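Here's a quick briefing to read with the model open in your viewer. Take the bullets in any order you like.

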Amino acid sequence: MNEIKIFAPATVANISCGFDVLGCCLDSIGDEMIIRKSADKGIRITKITGEILPYETKKNVAGVAALALLEKLNTELDFDFGFEIEIYKNIKPGSGIGSSAASAAGVVFAMNRLLGEPFSKLELVEFSREGERLACGSPIADNVAPALFGGFTLVKSTDPLKIIELPTLPDLYAVIIHPQIEIKTSDSRAVLPTTISLELATKQWANLGSLVHALHIENYELFSESLVDFIVEPHRSKLIPDFDKVKQESKRAGALGCGISGSGPSIFTFCKGEQTADNVSNAISEVYKKTQIPYHVYSSKINTQGVKILEL
Ligand code: HSE
């Protein structure tokens, strides 16, 4: 096996009450990548379509994640080949649905497969975090973890890295609206407070606990009640035009909850069933039609698999 084509999924991080720890994987939004072994040693990015991104390995998130894997491999194995990476971007960088995470997770998943799977998924998350470090200045794991594990994930700790796979709700749809403005994760992190009150922290961890419980007992109502963010959303929502209206209209159309996807500007909603997802999709589109801002709306089931193999 010398070449593999994969689907690298978009992800929603934070999920209202789980800043930097919760995430989930989407099914119908993602990039494609082709990774092949090459006679030349090292990592080369040979093709990028869809977005203008650096070809220089050390400046590209996929390149950096691939190098992290290679570095670990070099210490354990002696091998005389390298890898070429082709990236077909569909997820816009700065969209808030894990564009950099998809590239980083996709490449390490593919390389691991071509190498006969010497690394665990947890190790792949570690390599991918180097891509995130390049993209936003922090080795965040809440997008790369669900991209690799699929479903809902909780980053229990980052040092040492521990990821907990959570169950999902079977009839759950994510509807995402992506206003075509760019908010850099680093900028969106800069607006956050460095300290919070005990009162807010208490409310937030109560919701995080009840959300995790809701996933385990398959309780849509409790899941819905728990989708509240007392800490981050009040600061970041100011950066997203008509955020409050989108939230209001999505709830009116039947959404279980609505919040900022990752660091924005995308806004996620969760819905029970396809019909409600369609209704919510129409309702939030109507809000953005009234602005002058172009937007995309995506509807997706939860992807319980993570990165997928398209061709071997
Ligand atoms: N947890 C990160 C943040 C995700 O909100 O800054 C970035 O997509």
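What follows covers the ligand site, the salt bridges, two helices and one loop residue.

Keep in mind that this is a predicted model. The ligand in it is almost wrapped up, since the protein covers 97% of the 260 Å² of accessible area that the ligand has on its own. The salt-bridge count comes to 19, and a few of those pairs get a closer look below.

**Ligand site**

- Which residues surround the ligand? They are Ala-13, Asn-14, Phe-19, Asp-20, Ile-140, Asp-142, Asn-143, Thr-185, Arg-189, Arg-236, Gly-262 and Ser-263.
- Two arginines reach ligand oxygens with polar side-chain atoms: Arg-189 at 2.6 Å and Arg-236 at 2.7 Å.
- Asn-143 joins in too, with an N or O atom of its side chain 3.0 Å from an oxygen atom of the ligand.
- With those contacts in place, the protein hides 97% of the ligand's own 260 Å² of accessible area.

**Asn-14, one of the ligand's neighbours**

- Asn-14 sits in the loop that runs between strand 1 (3-13) and strand 2 (22-38).
- Is Asn-14 buried or exposed? Its relative accessible area is 6%, under the 20% cut-off, so Asn-14 counts as buried.
- Leaving out residues up to four places away in sequence, Asn-14 touches Phe-19, Asp-20, Leu-22, Asp-142, Arg-236 and Gly-262.
- Among those contacts, Phe-19, Asp-20, Asp-142, Arg-236 and Gly-262 also belong to the ligand's surroundings.

**Salt bridges**

- As background, oppositely charged side chains can pair when their charged atoms come close.
- Arg-44 and Asp-40 meet in a salt bridge with an N to O distance of 3.8 Å. Arg-44 is partly exposed at 37% relative accessible area, and Asp-40 is partly exposed at 46%.
- That pair belongs to a network of salt bridges linking Glu-3, Arg-36, Asp-40, Arg-44, Glu-84 and Glu-86.
- Glu-123 and Lys-72 form another bridge, with their closest N and O atoms 3.3 Å apart. Glu-123 is in helix 3 (residues 121-136) and Lys-72 is in helix 1 (residues 61-76), so this bridge ties together parts that are 51 residues apart in sequence.
- Both partners there are partly exposed: Glu-123 has 26% relative accessibility, and Lys-72 has 30%.
- Arg-252 pairs with Glu-249, and here the closest N and O atoms are 3.0 Å apart. The two are three residues apart in helix 9 (residues 243-252), which means about one helical turn separates them.
- Arg-252 is exposed, at 62% relative accessible area, while Glu-249 is partly exposed at 23%.

**Helix 2**

- Why does the length of helix 2 (residues 99-114) add up? At 1.5 Å a residue, its 16 residues should span 22 Å, and the end C-alpha atoms are 23 Å apart, so the two figures agree.
- Helix 2 is mostly covered, with 14 of its 16 residues buried.
- After helix 2 comes Gly-116, which has a positive phi, near 90°.

**Helix 6**

- Helix 6 (residues 198-217) passes the length check as well: its 20 residues should span 28 Å at 1.5 Å a residue, and its end C-alpha atoms are 28 Å apart.
- The buried residues in helix 6 include Ala-201, Gln-204, Asn-207 and Ser-210, along with Leu-211, Val-212, Ala-214 and Leu-215.
- What do the buried residues of helix 6 pack against? Their partners are strand 2, strand 5 (152-158), strand 6 (161-166) and helix 7 (220-226).
- Just after helix 6, Glu-218 has a positive phi of about 55°.

**Ile-181**

- Ile-181 is in the loop between strand 7 (172-179) and helix 5 (185-190).
- Its relative accessibility is 28%, so Ile-181 counts as partly exposed.
- Setting aside residues up to four places away in sequence, Ile-181 is in contact with Gly-94, Leu-239, Pro-241, Pro-265 and Ile-293.
- For a sense of distance, Ile-181 and Phe-83 are 34 Å apart in space, C-alpha to C-alpha, and 98 residues apart in sequence.

Technical notes. Residues are numbered from 1 along each chain as its sequence is written. This is a predicted model: local features need pLDDT of at least 70, side-chain atom pairs count only at pLDDT 80 or more; totals for chains, interfaces and linings use all residues. Side-chain values use heavy atoms; hydrogens and water are left out. Helices (H or I, at least four residues) and strands (E, at least two) are DSSP runs, numbered from the N terminus. Buried means under 20% relative accessible area, exposed over 50%, partly exposed in between (1.4 Å probe, protein chains only). Contact means heavy atoms within 4.5 Å. The expected span of a helix is 1.5 Å times one less than its number of residues. A residue is near a molecule or strand if one of its heavy atoms lies within 4 Å of it. A polar contact is a pair of N or O atoms within 3.5 Å; within protein, one must be able to donate a hydrogen and the other to accept it, and residues adjacent in sequence count only if both atoms are side-chain atoms. Accessible areas come from the Shrake-Rupley method with a 1.4 Å probe; for residues, only the protein chains shown count as cover. A salt bridge is a side-chain nitrogen of Lys or Arg within 4 Å of a carboxyl oxygen of Asp or Glu.
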